[in-house]
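Student: Could you take me on a close look at the salt bridges in this one? I'd like to see who pairs with whom, and where the partners sit.

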Amino acid sequence: MPEHCGGDRWAILHGDSLQIIRQFEPNSFDAIITDPPYASGGSGQTKTRTPTEKYSSMSKDKALPDFDSDQMDQLSWMFWTAAWLQDARRIAKPGAPVCLFIDWRQLPAMTLALQWAGWTWRGVAVWDKVASRPQKGRFRQQSEYIVWGSNGKMPLERNVGCLPGVFRYPNPQNRIHVTEKPLQLMRDMVQICEPGGRILDPFAGAGTTVLAAVQEGYAAVGIEMSDAYFQRSAERLKTALESEVNQN
């Protein structure tokens with residue numbers, strides 16, 4: 001068991017997803033929902049730039065910690081993504097959904113990696129971020145995407161309602177992670193899993209998926225390689241969930 005932190009129905013494991021995923025038993029999870037490193041260009045195409053330099057305009061004295069696996073070229077990133085997705089499919093139950101955030105640059109590579117790993121690709125949903133940096137004469141880059149599929153057949157009889165194909169939420173304020181997703185967005189997303197299921201997020205980051213899952217009544221496990229974000233996500237989960245208990 002790697003270093004970990006957890007509570008009722010949740011855990012954050014500290015380490016490399018490629019190693020930790022292989023330690024789980026087959027059929028351990030009802031859904032895989034994650035926001036992996038994009039290894040994308042951000043505001044520039046230089047792969048040697050750090051994630052903070054690519055995706056954030058914060059000054060150096062206020063910059064958030066960087067994270068790993070975001071400086072590969074597209075082919076390397078696609079093989080890496082296919083590798084962990086193949087391992088993730090082994091520990092997902094038959095019919096389990098998989099949802100993967102990505103931007104427009106890596107969208108084609110993500111769909112290829114998903115299929116190469118043996119998942120059934122079922123579509124693409126959209127996260128409308130509402131606002132983005134305007135550029136005269138160009139369309140705004142205000143959308144990111146959710147590539148989704150399933151581990152084989154996905155019966156319509158699953159106890160899940162009809163979910164929207166577009167989610168409209170602005171970027172969160174007071175983020176603790178460079179690419180943190182809105183909590184309400186993730187609370188909507190996790191509902192692709194059947195009630196009472198167990199969700200895995202192999203790239204936990206700020207712990208948003210895990211927190212959203214627990215708040216919606218699921219069990220969840222996150223994996224985080226970064227020392228800084230392992231600590232931040234664990235503290236966030238503890239604080240948020242303890243506060244809910246005290247309020248009740």
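**A close look at the salt bridges**

Tutor: Sure, let's start with glutamate 216, which forms a salt bridge with arginine 187, their closest N and O atoms being 2.7 Å apart. Keep in mind that you're looking at a predicted model. This pair ties together distant parts of the chain: glutamate 216 is in the loop between helix H6 (208-215) and strand E9 (219-224), arginine 187 is in helix H5, and 29 residues separate them. How buried or exposed is each partner? Glutamate 216 counts as partly exposed because its relative accessibility is 28%, and buried would need under 20%. Arginine 187 is partly exposed too, with a relative accessible area of 22%.

What makes such pairs possible in general? Side chains of opposite charge can pair when their charged atoms come close.

Now go to aspartate 35 and lysine 181, whose side chains meet in a salt bridge at 2.7 Å, N to O. Here the partners are 146 residues apart: aspartate 35 belongs to the loop between strand E3 (31-34) and helix H2 (51-55), while lysine 181 belongs to the loop between E7 and helix H5 (183-189). Aspartate 35 has 16% relative accessibility, so it counts as buried. Lysine 181 is buried as well, with a relative accessible area of 5%.

For a local pair, find helix H7 (residues 227-247). Both lysine 238 and glutamate 235 lie in it, three residues apart, which is about one turn of the helix. Their salt bridge has its closest N and O atoms 3.9 Å apart. The cut-off for a salt bridge is 4 Å, so this pair counts. As for the surroundings, lysine 238 is partly exposed at 30% relative accessibility, and glutamate 235 is partly exposed at 43%.

Some of these bridges also share partners: that is how Asp35, Lys129, Glu144 and Lys181 are joined into one network. If you count up every salt bridge in the model, you get ten.

While you have the model open, look at the strands around there too. Strand E5 (residues 120-128) pairs with strand E6 (residues 143-150) in the antiparallel sense, over eight bridges. In that pairing, threonine 120 stands opposite serine 150 in E6. E5 also pairs with strand E7 (residues 166-168), this time in the parallel sense and over three bridges. There, tryptophan 127 has phenylalanine 167 in E7 as its bridge partner.

Definitions and conventions: Residues are numbered from 1 along each chain as its sequence is written. This is a predicted model: local features need pLDDT of at least 70, side-chain atom pairs count only at pLDDT 80 or more; totals for chains, interfaces and linings use all residues. Side-chain values use heavy atoms; hydrogens and water are left out. Two strands pair if DSSP finds at least two bridges between them. Helices (H or I, at least four residues) and strands (E, at least two) are DSSP runs, numbered from the N terminus. Buried means under 20% relative accessible area, exposed over 50%, partly exposed in between (1.4 Å probe, protein chains only).
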